[in-house]
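Visitor: I am new to this structure, and I would like to be led through it carefully. Could you show it to me before we begin?

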Amino acid sequence: MHESTKLNYVEFASLNLAASKTFFTSAFGWCFTDYGREYSAFSNAGLDGGIFAAEQVTQAESGAPLLVLYTPNISDAQHNIENAGGTITKPLFDFPGGCRFHFVEPGGNELAVWSESAK
């Protein structure tokens with residue numbers, strides 16, 4: 001394994017950068033630093049990254065990478081996502097090792113949340 005080559009930063013597009021920033025701040029407590037009107041870096045997310053303004057986004061079913069967030073309390077995460085304006089697109093389901101659901105945030109991105117247990 002190449003110890004020096006690891007995922008370090010993730011960037012994704014948004015149809016509405018302001019709405020995406022508001023959503024991620026409200027639902028997960030992410031922090032943002034703006035670099036112009038079309039790019040904002042985020043931190044406090046487990047992996048730093050950025051969101052850029054775009055005219056289209058892709059979903060996992062069309063081959064896009066799926067960002068998967070971890071939480072110890074999946075019920076609270078789902079509640080926070082819905083309260084912040086996210087839409088659940090795949091309800092909670094089990095898989096070996098845990099459970100997860102998928103959602104779309106107001107900027108059009110599909111993400112997932114997983115946990116070891118549905119409790």
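Visitor: Is Cys99 buried or exposed?

Guide: This is a predicted model, in which local features need pLDDT of at least 70 and side-chain atom pairs count only at pLDDT 80 or more, while totals for chains, interfaces and linings use all residues. Residues are numbered from 1 along each chain as its sequence is written, and side-chain values use heavy atoms, with hydrogens and water left out. Buried means under 20% relative accessible area, exposed over 50% and partly exposed in between, with a 1.4 Å probe and protein chains only. Because its relative accessibility is 2%, Cys99 counts as buried.

Visitor: In which strand is Cys99 found?

Guide: Strands (E, at least two residues) and helices (H or I, at least four) are DSSP runs, numbered from the N terminus. Beyond its neighbours within four places in sequence, Cys99 has contacts (heavy atoms within 4.5 Å) that include Ile74, Phe93 and Trp114. The strand that holds Cys99 covers residues 98-104 and is β7.

Visitor: In what order do the four strands of the open sheet lie?

Guide: Two strands pair if DSSP finds at least two bridges between them, and the pairing in this sheet is mixed. The edge strands, each pairing on one side only, are β1 (10-14) and β2 (31-34). The order is β1-β4-β3-β2.

Visitor: Which residue in β3 stands opposite Cys31?

Guide: β2 pairs with β3 (residues 39-43) in the antiparallel sense, over four bridges. Opposite Cys31, in β3, stands Ser43.
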